[in-house]
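Open the model in your viewer and keep the selection panel handy. We will go from one selection to the next, with a short note on what to look for at each stop.

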Number of protein chains: 4
Amino acid sequence: MPDDQHGHHAMPPAHPFDDDKLREECGVFGVIGLDQAANFVALGLHALQHRGQEAGGIVSHDPEHGFNSARRFGYVRDSFTKASLMDTLPGLLSIGHVRYSTAGSKGNTQIRDVQPFFGEFSMGGAAIAHNGNITNAAALRRELIERGSIFQSSSDSECIIHLMARSLQRDIPARMEDALRRVEGAFSIVAMTRTKLIGVRDPLGVRPLVLGKVGDGWCLSSETCALDIIGAEFVREVAPGEMVVITRDGVESRQPFRPKKSRFCIFEHVYFSRPDSILGGRSVYETREAIGRELAKEAPVEADLVCPVPDSGTPAAIGYSAESGIPYGMGIIRNQYMGRTFIEPTDQIRNMGVRLKLNVNRALIRGKRVILVDDSVVRGTTSRKIKEMILDAGAAEVHFRIASPPTAWPCFYGVDTPERSKLLAANMTEDEMADYLGVDSLKFISLDGLYRAVGEAKGRDPKSPQYCDACFSGEYPVEPADMIEQGFVMKTAAE
Amino acid sequence: MPDDQHGHHAMPPAHPFDDDKLREECGVFGVIGLDQAANFVALGLHALQHRGQEAGGIVSHDPEHGFNSARRFGYVRDSFTKASLMDTLPGLLSIGHVRYSTAGSKGNTQIRDVQPFFGEFSMGGAAIAHNGNITNAAALRRELIERGSIFQSSSDSECIIHLMARSLQRDIPARMEDALRRVEGAFSIVAMTRTKLIGVRDPLGVRPLVLGKVGDGWCLSSETCALDIIGAEFVREVAPGEMVVITRDGVESRQPFRPKKSRFCIFEHVYFSRPDSILGGRSVYETREAIGRELAKEAPVEADLVCPVPDSGTPAAIGYSAESGIPYGMGIIRNQYMGRTFIEPTDQIRNMGVRLKLNVNRALIRGKRVILVDDSVVRGTTSRKIKEMILDAGAAEVHFRIASPPTAWPCFYGVDTPERSKLLAANMTEDEMADYLGVDSLKFISLDGLYRAVGEAKGRDPKSPQYCDACFSGEYPVEPADMIEQGFVMKTAAE
Amino acid sequence: MPDDQHGHHAMPPAHPFDDDKLREECGVFGVIGLDQAANFVALGLHALQHRGQEAGGIVSHDPEHGFNSARRFGYVRDSFTKASLMDTLPGLLSIGHVRYSTAGSKGNTQIRDVQPFFGEFSMGGAAIAHNGNITNAAALRRELIERGSIFQSSSDSECIIHLMARSLQRDIPARMEDALRRVEGAFSIVAMTRTKLIGVRDPLGVRPLVLGKVGDGWCLSSETCALDIIGAEFVREVAPGEMVVITRDGVESRQPFRPKKSRFCIFEHVYFSRPDSILGGRSVYETREAIGRELAKEAPVEADLVCPVPDSGTPAAIGYSAESGIPYGMGIIRNQYMGRTFIEPTDQIRNMGVRLKLNVNRALIRGKRVILVDDSVVRGTTSRKIKEMILDAGAAEVHFRIASPPTAWPCFYGVDTPERSKLLAANMTEDEMADYLGVDSLKFISLDGLYRAVGEAKGRDPKSPQYCDACFSGEYPVEPADMIEQGFVMKTAAE
Amino acid sequence: MPDDQHGHHAMPPAHPFDDDKLREECGVFGVIGLDQAANFVALGLHALQHRGQEAGGIVSHDPEHGFNSARRFGYVRDSFTKASLMDTLPGLLSIGHVRYSTAGSKGNTQIRDVQPFFGEFSMGGAAIAHNGNITNAAALRRELIERGSIFQSSSDSECIIHLMARSLQRDIPARMEDALRRVEGAFSIVAMTRTKLIGVRDPLGVRPLVLGKVGDGWCLSSETCALDIIGAEFVREVAPGEMVVITRDGVESRQPFRPKKSRFCIFEHVYFSRPDSILGGRSVYETREAIGRELAKEAPVEADLVCPVPDSGTPAAIGYSAESGIPYGMGIIRNQYMGRTFIEPTDQIRNMGVRLKLNVNRALIRGKRVILVDDSVVRGTTSRKIKEMILDAGAAEVHFRIASPPTAWPCFYGVDTPERSKLLAANMTEDEMADYLGVDSLKFISLDGLYRAVGEAKGRDPKSPQYCDACFSGEYPVEPADMIEQGFVMKTAAE
């Protein structure tokens with residue numbers, strides 16, 4: 001059912017030349033206790049836009065109108081800043097969501113797939129939004145349809161609403177506990193009833209969720225950078241496996257799940273989170289700079305210039321330069337008017353590829369031995385094009401230094417990854433990759449080096465890793481049941 | 001939840017000066033066995049546009065994409081004629097719906113309330129659209145939510161889908177039979193599965209539904225005028241209480257309900273249906289002309305000109321003129337560019353009221369005794385304004401002749417009626433109404449006269465009326481359960 | 001230069017199945033002395049919408065903002081009723097224009113071609129709008145460009161502004177007189193300066209223009225029906241060759257041209273003007289009814305039913321029926337939701353042609369001898385299709401009666417006519433046309449009959465015709481200079 | 001006349017919180033000799049987007065359609081990348097323009113004010129676009145209107161077209177020479193006829209214009225970064241006072257003006273041009289790094305961190321860090337989804353100001369003595385807010401280092417500057433400014449230091465300055481005639 005009023009016209013097609021990054025799929029934000037709460041949610045989502053640019057949705061509740069909702073394709077700033085729209089979202093309680101597409105009809109999102117989802121129960125309504133992925137969603141959906149549930153979206157998140165509808169519990173938070181105990185995977189949830197703001201992290205705490213205080217109210221956010229924009233004070237992270245239920249009377253903490261050891265996503269440090277966010281007590285920027293320093297130690301090379309691949313490689317490049325003493329310079333300039341994508345572009349424009357976004361600072365590069373620092377290599381397509389641009393501009397040598405280990409396994413916990421066969425590192429050794437990219441050298445940070453940079457002085461504990469690093473290690477802390485049913489083969493002992 | 005992408009912006013507000021007609025709420029159309037079936041559905045809906053101008057929706061099915069759907073506010077011709085949209089609705093099987101708002105958030109329709117509704121069951125999907133009203137929808141909805149169904153719209157029609165989802169039957173038509181046996185009210189349904197086109201009329205057959213044959217395919221339509229536009233041949237009316245299940249192999253007739261005596265809506269003859277449609281074997285135009293003749297016999301008056309209130313009063317005026325011998329003339333001219341309504345008009349334009357739509361042909365009216373023939377009087381507001389315009393233009397006398405009996409009771413079977421207190425005839429006698437309107441005389445056709453005009457030579461059978469005439473008589477053939485719960489008081493024996 | 005912001009996207013394509021009518025090309029309206037004058041202009045233009053449906057424009061002036069302007073494609077009601085737009089058009093003085101395309105890039109109108117046109121002169125600005133056509137526009141344009149004028153539109157009306165800019169006169173009305181003395185053709189103009197509302201008719205008075213009084217203000221309009229909608233009183237027609245200059249102090253009459261005998265367009269009576277307008281002291285409706293009576297006398301036939309081709313044939317059909325005594329009935333029903341045209345329709349919809357707009361009232365037609373009354377036959381394409389529909393419905397005989405003489409010559413005075421070779425009557429005799437259309441008989445009213453019906457008891461004065469009837473007679477009262485240059489051959493004595 | 005179809009709805013309002021930068025007003029680009037030339041122009045304009053974000057326009061010419069044109073509000077990438085639009089701009093010859101508003105109705109741009117402008121002359125048409133400002137435009141416009149020219153825009157650039165229209169020369173380049181000799185100010189022009197691409201720089205060469213070669217074709221561009229995007233080779237700068245006329249046969253150089261000493265805009269080096277462009281043989285990035293080094297020498301301070309105000313302060317901050325040895329770090333993070341502005345924002349969002357765009361990297365800043373490097377201080381409003389954010393985040397000290405001298409005079413040569421009374425440096429000494437901003441120290445680079453950084457080893461020649469530096473020095477190389485007439489007072493000897 002691929003349509004809704006104007007829905008799929010506004011839908012952006014896959015980016016023709018930017019498929020070479022992993023994509024975080026969602027950011028969530030919620031506020032209780034502030035007048036015009038939805039305005040604060042809009043600001044929070046704007047600060048979380050890097051976590052999802054395809055679409056956004058906000059739900060609010062006020063006593064006069066009940067639940068109010070708006071969902072829009074495109075950037076938060078293009079819709080959820082307008083008074084005419086925000087006036088339709090009154091109330092002291094609001095949650096919101098930004099999304100990149102993930103499960104659900106990928107590349108073909110309809111407005112009805114945009115979160116938050118809403119359900120009317122006999123004791124009142126609830127809206128729910130989440131960041132992450134439910135790994136047994138297909139099985140749950142089959143079961144629910146069999147019993148007579150009617151799904152309105154292709155999003156697996158809707159399962160949670162239907163599970164709640166069928167719970168025998170008498171209040172909404174208890175129904176949510178019931179529902180979440182049936183759900184597997186990674187999920188950081190913000191939800192709301194008429195009077196409560198609710199936050200939950202899955203037992204492993206794969207995705208981030210933080211609690212903030214702002215004036216007389218409270219807020220929940222995927223990252224701390226979104227607390228800053230509304231002037232909220234960072235209180236603490238919601239703990240893995242914790243449910244917080246926030247009302248006018250304060251924050252109640254519940255533990256719906258059996259306790260497990262935390263496995264936070266290490267890629268949040270490398271790429272997903274914004275550099276000005278604080279994760280685990282440390283600025284992401286500092287961590288990335290530390291990765292750069294670690295990389296300079298692990299993989300030194302003689303050169304004239306350390307140059308970031310903008311913008312995500314910048315902090316690591318600054319760290320690499322500081323550690324190595326090789327001057328830092330902006331050898332690649334990013335067109336800041338690039339935006340996200342083009343709608344039905346001409347062939348000529350489609351063929352321009354990375355040139356539309358990046359230009360080489362020829363005068364700076366010419367004749368130099370250049371170290372390019374990037375955050376990751378996924379398919380390798382962009383890395384090849386950048387290398388060509390740098391050589392065309394007259395660089396003497398090109399050395400790639402990558403601020404993460406080789407990405408060899410897909411993520412099933414809320415990140416959009418190509419299938420394994422398309423991951424460069426799943427098919428080549430580091431040397432083969434250097435050859436393929438045609439660079440003078442290519443080095444990735446080691447997995448232990450990365451753990452040291454994020455603060456684990458002894459590196460990775462192989463028996464009980466401190467983070468989820470499945471994309472690098474192939475060790476999945478939650479079995480991806482739906483994917484296995486579809487044929488995905490887990491790593492064997494031999495690999 | 002008052003929003004969806006652009007949904008409520010495109011939503012037309014209540015018409016500021018056209019609240020003086022009863023509004024038919026829906027038209028349905030379905031096709032099986034023709035290539036690009038949705039194109040034929042669009043044409044059919046265009047021909048049925050008079051039954052609902054607020055929004056329209058079409059669903060189709062093809063083996064490659066499965067079910068396809070599009071819903072739009074506004075006229076069929078403005079959306080469902082464009083190749084770019086219709087190309088998204090391929091397949092040999094398609095149904096569609098045009099709606100005026102009714103049950104559901106009235107005056108505040110969202111795109112998600114626009115039919116057809118779709119449900120995915122364990123044995124496959126089905127789409128359903130209906131014309132009419134479910135009189136026990138609120139009670140059904142409460143019961144279904146209590147059991148864990150999640151409603152996605154405020155439309156009561158969605159109940160049918162949820163009832164079907166919970167049926168224990170193994171195929172979709174059987175589930176629909178199950179569901180409809182729980183439903184009370186008036187409903188002419190077209191529905192589709194991946195391979196079947198289904199039509200149902202409620203046991204009383206309040207709303208029309210006809211079967212047509214076109215090439216190798218079949219179609220279902222609210223009225224015959226929509227068969228004409230696609231060149232289909234009229235086969236027969238679907239019988240009250242009948243379900244037809246149409247496949248490639250032909251038409252199967254089922255009888256899901258206990259037999260009842262038919263009670264077709266008599267107002268379809270007076271106003272709702274298009275004059276070129278055939279109802280019960282007779283052209284609506286001829287019936288209306290006959291009403292005019294009957295009215296001329298019942299309520300003659302000496303005058304110089306018989307003048308229709310355009311456009312709905314025209315056939316009765318022609319009949320009145322022919323019977324009375326008083327010349328027929330177009331004393332009131334309708335602006336054909338009027339359209340349906342204005343979005344956020346200026347005050348000046350809002351105040352123009354009926355003048356925007358109608359102008360008096362002053363030269364023709366001046367000095368004449370004028371008989372104005374209109375189809376009905378609901379609130380009386382427009383009638384008063386027309387009378388003033390006619391007198392301003394210099395008419396010597398103004399006599400109103402109304403082609404229906406006094407409308408004294410609201411309809412609960414799919415027609416948008418003001419509440420009883422706003423119906424002029426619920427509060428005044430015919431003489432009081434004449435006074436109120438300030439006309440020289442006012443006469444309604446008698447209920448018996450109307451029955452004679454529609455072909456019941458002996459008039460109305462008071463013990464077992466041949467038609468549903470609740471809006472005139474207050475005798476409701478199906479108890480309006482939800483309304484009674486909300487406080488509506490049925491006619492007592494004394495009335 | 002075929003574009004302007006969104007301009008040509010909004011541009012409607014040629015109507016795929018409605019090319020069989022002559023099209024009036026413009027309506028003009030102006031108001032002085034009323035608060036929010038532009039609102040009244042919008043209402044006036046809404047009443048004149050039948051004179052041009054492609055686009056409309058309004059200019060107003062207020063002391064604070066100076067001249068304000070808005071131009072839009074589509075119906076007046078869809079744009080110029082919204083408070084948000086009308087608020088940008090404040091002031092006591094305003095003029096407006098509705099257009100069908102004519103000279104200028106036909107079928108390819110840009111928003112910059114939409115009148116009123118505006119020019120800034122050394123003594124202040126002026127806006128001007130006209131109904132008609134300048135027959136020496138191409139020559140004037142060449143001359144002006146040669147002298148250094150820069151044209152901003154492809155509309156020939158812009159010539160008037162440039163001629164005014166180059167006049168040596170010291171005030172704007174005097175400059176306009178200067179300019180208009182260089183201009184040939186048919187033009188009814190409304191114009192405005194900061195303080196004056198100006199109306200002009202060409203020396204022959206080919207196009208209509210009337211003066212009205214409303215409250216303390218004045219208005220100018222193409223037709224009286226637009227006076228009615230704003231409650232203005234009809235004062236008089238602006239005389240052929242007269243210029244009226246209206247200020248707060250009243251109406252000044254000027255005579256810029258050498259006196260000529262009036263030659264009003266007779267087709268305004270037949271088709272262009274609205275039936276409720278008054279032309280030359282007589283209602284257009286009555287004239288058309290008289291044409292029908294005259295036609296019944298000139299071309300009687302035995303039949304069972306007189307049936308109008310809706311809507312323009314209706315008054316003449318009523319007259320024919322009254323004179324002949326043959327019953328009048330609506331054998332063809334018009335879909336009132338048809339609108340003007342379809343944007344990029346599917347092939348199936350394009351092929352539906354006239355069926356989208358008209359349906360036969362089969363029950364009424366079956367077995368009858370039918371007289372179809374239409375206003376004119378241009379290409380004959382629609383007439384053929386209507387005849388087929390009527391016969392398919394089972395009519396026994398079909399007789400066409402046409403309320404105008406054969407249209408054998410193109411109009412160069414502001415009406416969109418096919419080139420001569422496409423006019424049926426330019427290539428066939430009446431009998432050949434009857435054969436071509438496949439009807440039992442076809443009769444046109446005679447030119448003398450038409451003159452009698454419009455009130456000329458003695459018919460047409462062949463030496464000095466009372467009207468412009470070039471489309472019937474080929475006698476052009478103003479030589480079409482540009483067209484002759486392009487190869488048009490005038491009627492010779494022999495024809 | 002503030003409207004055109006959709007024009008002023010799409011018009012962005014003044015940015016509520018970003019009025020603290022000087023704004024370059026235009027970028028120009030032209031191509032001859034490449035198939036689908038307009039596509040290359042679109043790419044060039046995308047690369048020049050930093051020179052003007054309000055609107056863009058492209059004109060092309062092809063033999064079949066003649067001149068084609070499209071103008072749009074918003075970014076190039078949002079309009080001029082779509083195949084559906086670009087297909088309307090065929091041909092081997094095309095020019096384009098991006099604009100920020102300048103002269104003309106500031107903050108109230110209409111689509112008709114968007115360049116290129118087009119004029120039809122007796123020998124054919126020409127389109128023209130320019131970057132800069134005509135300082136005697138008001139006087140020229142008055143004169144032209146007096147003689148009968150009709151202006152269609154409020155842009156002073158239209159004067160050039162009218163002057164050309166009135167020239168007695170027989171070919172278009174000669175007419176352009178004639179016209180430009182009447183024009184004063186700064187102007188880098190690209191223009192086109194049906195067969196020629198033309199580039200002109202004013203006699204002082206205030207604005208940049210470069211010539212490139214691409215395949216068999218040629219291009220003209222404001223900056224070299226736009227040559228890179230289409231893969232063009234940089235040939236040379238168009239010389240001050242030079243006109244190049246490019247046809248299939250090659251590049252002809254003309255000298256329409258009396259020779260003058262060049263006075264290129266020094267602010268292009270500081271801020272306007274993109275860092276990857278080459279000006280006068282040197283990369284803008286390197287010049288800015290050199291400014292940072294110079295600044296570190298002129299205004300050293302003990303500190304812990306050199307931090308750029310993103311993004312324009314970055315290269316100078318890198319230079320300052322390299323020269324001073326103080327570590328470089330990203331203490332302020334820019335939200336890359338900020339876009340340009342908000343349309344009708346809510347009050348809450350309006351009040352967020354700079355927070356929407358910038359966030360402090362708290363963990364990095366805390367406890368540190370921070371040197372903030374910015375490119376310029378205009379009103380000082382943003383600088384104050386940034387200082388507050390840095391202090392709130394716990395910085396120990398805040399030192400501002402500015403990569404340009406105090407901006408004390410408005411620019412009249414194509415840059416949007418506040419009036420003098422609003423320029424902080426026009427009203428305060430450096431110490432007063434430091435007090436006003438509340439920072440521990442504030443230092444601007446000296447004018448001589450800036451000249452050294454751009455490569456003038458001996459600094460500024462006070463008798464004959466090598467650059468236009470009027471915004472710093474108040475010495476205007478071209479008398480701003482229109483502004484003086486409006487009351488602007490030039491610097492006196494005493495100042």
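Begin by selecting T247 of chain B, which stands opposite G250(B) in β14(B). Strands here are DSSP runs of E with at least two residues, helices are runs of H or I with at least four, and both are numbered from the N terminus. This is a predicted model, in which local features need pLDDT of at least 70 and side-chain atom pairs count only at pLDDT 80 or more, while totals for chains, interfaces and linings use all residues. Residues are numbered from 1 along each chain as its sequence is written, and chains are lettered from A and ligands numbered from 1 in the order in which they are written.

**Stop 1: β13 in chain B**

Now widen the selection to β13(B) and β14 (residues 250–254) of chain B; the two pair in the antiparallel sense over five bridges. Strands count as paired when DSSP finds at least two bridges between them. Between β13(B) and β14(B) lie two residues, and together the strands form a hairpin.

Which strand is joined to β13(B) by four bridges? Select residues 197–201 of chain B: this is β9, and it runs antiparallel to β13(B). One pair to highlight is L197(B) with I246(B), which stand opposite each other.

Is β13(B) enclosed or open? Four of the five residues in this strand (243–247) are buried, so the rest of the structure largely encloses it. Buried means that 20 or more other C-beta atoms lie within 10 Å of the residue's own; with 12 or fewer the residue is exposed, in between it is partly exposed, and C-beta atoms are placed from the backbone.

**Stop 2: the strands of chain D**

Move to chain D and select residues 243–247. This is β13(D), mostly covered, with four of its five residues buried. Add β9 (residues 197–201) of chain D, which pairs with β13(D) in the antiparallel sense over four bridges. Here L197(D) faces I246(D).

Next add residues 250–254 of chain D, which make up β14; five bridges pair it with β13(D), again in the antiparallel sense. Look for V245(D) opposite E252(D). The hairpin that joins β13(D) to β14(D) passes through two residues.

**Stop 3: a buried helix in chain D**

Select residues 37–47 of chain D, helix α2. How many of its residues are buried? The count is 11 of the 11, so the helix is largely enclosed by the rest of the structure. Among the buried residues of α2(D) are N39(D), F40(D), L43(D) and H46(D).

**Stop 4: the sheet in chain A**

Hide the other chains and show the strands of chain A. Six of them form an open antiparallel sheet, in the order β6-β7-β8-β9-β13-β14. At the edges stand β6 (117–121) and β14 (250–254) of chain A, each with a single partner strand, so one side of each has no neighbour in the sheet. From one strand to the next, the twist averages 20 degrees. Angles run from 0 to 180 degrees between N-to-C directions, with axes fitted as lines to C-alpha atoms, for helices over the stretch in contact.

Now add helix α7 (residues 172–180) of chain A, which packs on the sheet and touches β6, β7, β8, β9 and β13 of chain A. The direction of α7 makes about 20 degrees with that of β9(A). Within the sheet, four bridges join β9 (residues 197–201) to β13 (residues 243–247) of chain A, and G199(A) has V244(A) as its bridge partner.

Zoom out to the whole of chain A, which has 19 helices and 25 strands. Its C-alpha trace spans about 70 × 50 × 45 Å along the principal axes, and 62% of its 495 residues count as buried.

**Stop 5: where chains meet**

Show chains A and D together: 54 residues of chain D are in contact with 53 residues of chain A. Contact means C-beta atoms, placed from the backbone, within 7 Å of each other.

Finish with chains B and C, where 53 residues of chain B are in contact with 54 residues of chain C. Of the interface residues of chain B, 100% are also interface residues in chain C, so the copies meet through the same surface.

Key: Two residues are in contact if their C-beta atoms, placed from the backbone, lie within 7 Å.
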